[in-house]
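Thanks, everyone. Let me put the next model up on the screen.

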Amino acid sequence: MRTARSIIDRFGDRVREHEVMRNHTSLHIGGVADYFISVVTIDELIDAVTCARESSLPYIVIGGATQCVFSDFGYSGVVIENRAEGYVF
């Protein structure tokens, strides 16, 4: 059984369950994601991805979501919003 326990243990009340994704996209389209977390540092991003992978949960990393469209049926997994700034690849 898949569980987000490690993400919830790591990030606590910053993890939002049943988050409406249309509130996070510029087109205001999208259903409910199982879990949503916004991270502000690279270390948090790495931790969130690692937790999702270790829990065998599907995950997606988004930025500002200006070009994202989520299904009205939602996203079955973890949406990780990357808000880390100041890094250039």
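I will take the sheet, then the helix that lies on it, then the salt bridges. One caution before that: this is a predicted model.

Start with the sheet. It is open and has four strands. The order is β1-β2-β4-β3, and the pairing is mixed. Which strands sit at the edges? They are β1, residues 16–20, and β3, residues 59–62. Each of them pairs on one side only. From one strand to the next, the twist averages 40°.

Now look at β1 and its partner. β1 pairs with β2, residues 32–39, in the antiparallel sense. Four bridges join the two. To find the register, go to Arg-16: its bridge partner in β2 is Phe-36.

Next, the helix. Which strands does α2 lie across? Helix α2 covers residues 42–54, and it lies across β2, β3 and β4. β4 is residues 75–82. Against β3, the helix runs at about 160°.

On to the charges. Side chains of opposite charge can pair when their charged atoms come close. How many salt bridges does a search of the whole structure find? Five. I will go through three cases.

Case one is Asp-9 with Arg-5. Their side chains meet at 3.1 Å, N to O. Both residues belong to helix α1, residues 5–11. They are four residues apart, so about one helical turn separates them. Asp-9 is exposed, at 54% relative accessibility. Arg-5 is partly exposed, at 46%.

Case two is Glu-44 with Arg-14. The closest N and O atoms are 2.8 Å apart. This pair links distant parts of the chain. Glu-44 is in helix α2, while Arg-14 is in the loop between α1 and β1. They are 30 residues apart. Is Glu-44 buried or exposed? Buried: its relative accessible area is 11%, and the cut-off is under 20%. Arg-14, at 33%, counts as partly exposed.

Case three is Arg-83 with Glu-81. Here the side chains meet at 2.8 Å, again N to O. Glu-81 is buried, with a relative accessible area of 7%. Arg-83 is partly exposed, at 41%.

To recap the three cases. Asp-9 and Arg-5 pair inside one helix, α1. Glu-44 and Arg-14 join helix α2 to the loop between α1 and β1. Arg-83 pairs with Glu-81, and that glutamate is buried. That is the tour.

Terms used. Residues numbered from 1 in each chain as written. Predicted model: local features only at pLDDT ≥ 70, side-chain atom pairs only at ≥ 80, totals over all residues. Heavy atoms only, no water. Pairing = 2+ DSSP bridges. Axes fitted to C-alpha atoms, helices over the stretch in contact; angles between N-to-C directions. Contact = heavy atoms within 4.5 Å. Salt bridge = Lys/Arg side-chain N within 4 Å of Asp/Glu carboxyl O. Buried < 20%, exposed > 50% of the residue type's maximum accessible area, 1.4 Å probe, protein only.
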